[in-house]
Amino acid sequence: MAEAPICKVVLAGNVAKKLLAEVQEGLREINRAPLLVGFLASGDPAARTYAEWTGKTARENGFQYELREVDREELEDAIIKANVDDKVDGIMVYYPIFGTRQDQYLQNVVDVSKDVEGLTHRYVSNMYRNVRFLDNDQTRKSILPCTPLAVIKILEHLQIYNTILPYGNRLHGHTITVINRSEVVGRPLAALLANDGAVVYSKDIDDVQQYSRGEGLRKRAHVVEEKSGWDLEQILPLSDVVISGVPGDKFKVPVHLLRPGAVCINFSSEKNFNPDVKEKASIYVPAIGKVTIVVLLRNLLRIVQNRADTQGKPADAVEKEGTLEGQRAN
């Protein structure tokens, strides 16, 4: 009788514990409790749950957290007020608010020096161009979006990143599918993975795009190619990592198309993988929320450091050698 496939289920809480230890080290460096203000301006139950988790985790780990509930028409003024409040160290907004381009406008209302989510234009531009510092001396790290960075931290924990390879190329040889192309999560995640050397297939409801650095390892930033006529049938069998974040409860990743031994990660509030994924995958991560919140606190520490004359000590404390962020530009 053939042995049953063995799939390791990795829980986000176990990954978060290690990151929290690094956060505590960084917090000791600044010797105070930074204040994070979250703005909730919608009735989205998932946003409220995320806000509650954020507050609980922040307070349990030595941070201050204040949830401000405002009408969406008053949100812009509320953000501007927090921008100039010296007591506020970091600002986050629980999206979606309007579900339109107005949300992108609001992302850029947040002052870049308080943007813990990495959604303002400066940070987004740096991310897509693979620029990892805000200054020429490379002492002030750019902020990366929380959910994409949480996925990356999980991939580092799973040792998908090959530490034998040089920085910026540690995903070389990997083929990854990202099912979601939102501007907040899916597209940034595909770009970050491609910038680190992977071939990434980005799937949304309409089409497939391929993100890569082109031939070899020479290019600094990724390029995008349309894959006309391609769908999950073409990309899943090629992918050794499959990351899905479709918000609808009806979508499920077709397990029969998965490459045997694939690593599967779900970042949607819905379960995009049926239980039988464990019959095909080698590793399955069913949720990432706890890692996302810890990454948010790490970003807050970095923002505090970026505004202070501390020679980078707090940021260094949350970026260990060999990680995506613990690297300098060539």
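These notebook entries record what I looked up in a predicted model of one protein.

**Overall composition**

I began with the secondary structure, which comes to ten helices and eleven strands. I then took the burial figure: of the 330 residues, 54% count as buried. For the contacts with a separation of 6 or more, I noted that 63% join residues 24 or more positions apart.

**The sheet**

I traced an open sheet of eight strands in the order 1-11-10-9-5-6-7-8, and its pairing is mixed. Strand 1 (8–9) and strand 8 (223–226) stand at the edges with a single partner strand each, so one side of each is left without a neighbour in the sheet. Within the sheet I examined strand 6 (residues 199–203) and strand 7 (residues 208–212), which run antiparallel and are joined by four bridges. Opposite Ser 202 I found Gln 209 of strand 7.

**Helix 6**

I asked whether helix 6 is mostly covered or mostly open. Ten of its twelve residues are buried, and I therefore entered helix 6 as mostly covered, buried meaning under 20% relative accessible area. Among the buried residues are Cys 146, Pro 148 and Leu 149, and the charged residues Lys 153 and Glu 156 are also on the list. I looked next at what covers them: the covering elements include helix 1 (12–30), helix 7 (186–195) and helix 9 (289–307), together with strand 9 (241–244), strand 10 (263–266) and strand 11 (283–285).

I also checked the length of helix 6: its end C-alpha atoms are 16 Å apart, which agrees with the 16 Å that twelve residues should span at 1.5 Å a residue. After helix 6 comes Gln 159, for which I noted a positive phi, near 65°.

**Helix 9**

Helix 9 has 19 residues, and I recorded 28 Å from its first C-alpha to its last, close to the 27 Å expected. Of these 19 residues 16 are buried, so helix 9 is largely enclosed by the rest of the structure.

**Asp 135**

I located Asp 135 in the loop between helix 5 (121–129) and helix 6 (146–157). Which side chain of opposite charge is nearest to Asp 135? It is that of Arg 140, 5.5 Å away; Asp 135 is buried yet has no salt bridge. A salt bridge needs the nitrogen and the carboxyl oxygen within 4 Å. I did find that the side chain of Asp 135 reaches the backbone nitrogen of Arg 140 at 3.0 Å.

**Salt bridges**

The structure holds 13 salt bridges, and I followed three of them.

I entered Asp 89 with Arg 307 at 3.1 Å, N to O. Asp 89 lies in the loop between helix 3 (75–83) and strand 4 (90–93) and Arg 307 in helix 9, so the pair ties together parts that are 218 residues apart in sequence. Asp 89 counts as buried at 3% relative accessibility, whereas Arg 307 is partly exposed at 37%. Arg 32 is linked with Asp 89 and Arg 307 in a network of salt bridges.

I entered Asp 231 with Lys 203 at 3.6 Å, N to O. Asp 231 lies in the loop between strand 8 and helix 8 (232–235) and Lys 203 in strand 6, so this pair ties together parts that are 28 residues apart in sequence. Asp 231 is partly exposed at 31%, while Lys 203 is buried at 10%.

Finally, I entered Arg 68 with Glu 66 at 2.7 Å, N to O. Arg 68 is partly exposed, with a relative accessible area of 21%, and Glu 66 is partly exposed at 33%.

Key. Residues numbered from 1 in each chain as written. Predicted model: local features only at pLDDT ≥ 70, side-chain atom pairs only at ≥ 80, totals over all residues. Heavy atoms only, no water. Helix = DSSP H or I, 4+ residues; strand = E, 2+ residues; numbered from the N terminus. Buried < 20%, exposed > 50% of the residue type's maximum accessible area, 1.4 Å probe, protein only. Polar contact = N/O pair within 3.5 Å; in protein donor to acceptor, adjacent residues only side chain to side chain. Expected span 1.5 Å × (residues − 1). Contact = heavy atoms within 4.5 Å. Pairing = 2+ DSSP bridges.
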